[in-house]
Amino acid sequence: MKIALITGGNRGIGFEVCRMLDEVGWKVILGTRSLPKGQKAARKLSNNVIVRQLDVCDDTSVKNLYRFIRNELGRIDVLINNAGVGANSQDNVFIAGIKQKIKKHLRGIYLQTKRLQPFLKDKRLFTENIRAQDVSLERVKSIMETNFYGPWRMIQEGIPLLLKSSDPRIINVSSEMGALHSLTGLYPGYSLSKTSLNALTILFSNELKLSGIKVNAVCPGWVRTDMGGLDAPKSVHEGADTIVWLATEPEMKSGKFYKDRREIQW
């Protein structure tokens with residue numbers, strides 16, 4: 001039985017990934033900052049799902065989780081770094097709020113590199129500190145701690161357990177907003193955290209190549225979650241699809257960036 005560890009697995013895309021892997025018979029470790037919320041979510045899943053407290057920003061929390069896995073399961077086959085925050089590091093409702101404002105006040109939509117990321121002409125509709133020239137660096141640091149250092153921490157601590165797998169994989173849930181050709185200066189903390197995560201993906205894919213660990217990044221797209229909002233075009237199932245594909249496809253490359261099961265530019 002394959003074993004997958006999913007961070008931020010109690011809701012949204014993370015929970016759907018847990019559900020889909022559980023459905024095909026994998027043992028799933030659902031990592032969640034709030035144990036009660038994770039346990040509540042897991043009631044919808046099978047007994048193959050193990051819920052464990054996990055804060056990717058906390059060294060002790062990460063070490064405790066991996067100690068449990070090492071003692072009880074002995075390995076992991078796939079690490080899915082899904083936990084993340086939006087542009088407001090205090091919560092995950094940033095993009096949802098922006099989409100609602102866009103629906104009411106949007107004057108024009110600019111298509112950039114086919115990612116359909118809307119931008120407002122009326123700068124009054126942006127939340128404060130939204131541009132690179134005036135963003136709070138403390139906010140940027142907070143976002144980076146979860147979206148960049150969190151996955152890095154998870155990978156470092158998880159490598160020994162991945163090496164015990166016959167087909168080990170690391171999947172970093174990123175965003176096309178972090179692609180170099182998509183950087184506009186808007187949402188700098190979030191965008192740069194994903195750019196950095198993409199770079200980390202390349203770094204580890206090269207470093208771990210000889211070990212057999214495959215490392216890839218994925219953009220789930222604009223998804224109807226607490227972060228994405230109700231107006232997003234994709235369901236959580238559609239957002240999770242490529243992540244699950246990267247975890248389960250028998251033959252998979254390493255060091256690539258995917259969206260909708262297709263390779264995209266960094």
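This is a short tour of the structure, with a selection to make at each stop.

**The whole chain**

Start with everything shown as a cartoon, and keep in mind that this is a predicted model. The protein chain has seven helices and eight strands. Of its 266 residues, 53% count as buried. Switch on a surface if you like: the accessible area comes to about 12,800 Å², and carbon and sulfur atoms account for 50% of it. Among contacts with a separation of 6 or more, 66% join residues 24 or more positions apart.

**Helix 6**

Next, select residues 188-207, which make up helix 6. Tyrosine 190 sits here, and is it buried or exposed? With a relative accessible area of 9%, tyrosine 190 is buried, because the cut-off for buried is under 20%. Now add isoleucine 130: its C-alpha atom is 9.9 Å from that of tyrosine 190, although the two are 60 residues apart along the chain.

Stay in helix 6 and pick leucine 192. This residue is partly exposed, at 40% relative accessibility. Select Leu180 and Leu183 along with Leu192, and you have a nonpolar surface patch of about 270 Å².

**Aromatic pairs**

Rings come next, and the structure holds four aromatic pairs. One of them joins phenylalanine 148 and tryptophan 152 edge-to-face, with 5.4 Å centre to centre and 65° between the planes. Both residues belong to helix 5 (residues 137-162), and since they are four residues apart there, about one helical turn separates them. Phenylalanine 148 is buried at 9% relative accessibility, whereas tryptophan 152 is partly exposed at 28%.

For another geometry, go to phenylalanine 257 and tryptophan 266: their ring centres are 5.2 Å apart and their planes are at 20°, so this pair is stacked. Phenylalanine 257 is buried, with a relative accessible area of 0%, while tryptophan 266 is partly exposed at 26%.

Then return to helix 5 and add Tyr149, which forms one aromatic cluster with Phe148 and Trp152.

**A charge over a ring**

Select arginine 52 and phenylalanine 68. The charged end of arginine 52 sits over the phenylalanine 68 ring, 3.9 Å from the ring centre.

**A loop residue**

Finish at threonine 225, in the loop that runs between strand 6 (214-218) and helix 7 (236-248). Despite its place in a loop, threonine 225 counts as buried, at 18% relative accessibility. Which residues does threonine 225 touch, not counting those up to four places away in sequence? Show Gly12, Ile13 and Val236 to see these contacts.

Conventions:
Residues are numbered from 1 along each chain as its sequence is written. This is a predicted model: local features need pLDDT of at least 70, side-chain atom pairs count only at pLDDT 80 or more; totals for chains, interfaces and linings use all residues. Side-chain values use heavy atoms; hydrogens and water are left out. Helices (H or I, at least four residues) and strands (E, at least two) are DSSP runs, numbered from the N terminus. Buried means under 20% relative accessible area, exposed over 50%, partly exposed in between (1.4 Å probe, protein chains only). Patches are made of residues with over 30% relative accessible area and no salt bridge: like charges are joined within 9 Å, nonpolar side chains (Val, Leu, Ile, Met, Phe, Trp, Tyr) within 5 Å. Accessible areas come from the Shrake-Rupley method with a 1.4 Å probe; for residues, only the protein chains shown count as cover. A salt bridge is a side-chain nitrogen of Lys or Arg within 4 Å of a carboxyl oxygen of Asp or Glu. Contact means heavy atoms within 4.5 Å. Rings of Phe, Tyr and Trp (its six-membered ring) pair if their centres lie within 6.5 Å; planes under 30 degrees apart count as stacked, over 60 as edge-to-face and the rest as tilted. A charge sits over a ring if NZ of Lys or CZ of Arg is within 6 Å of the ring centre and within 35 degrees of the ring normal.
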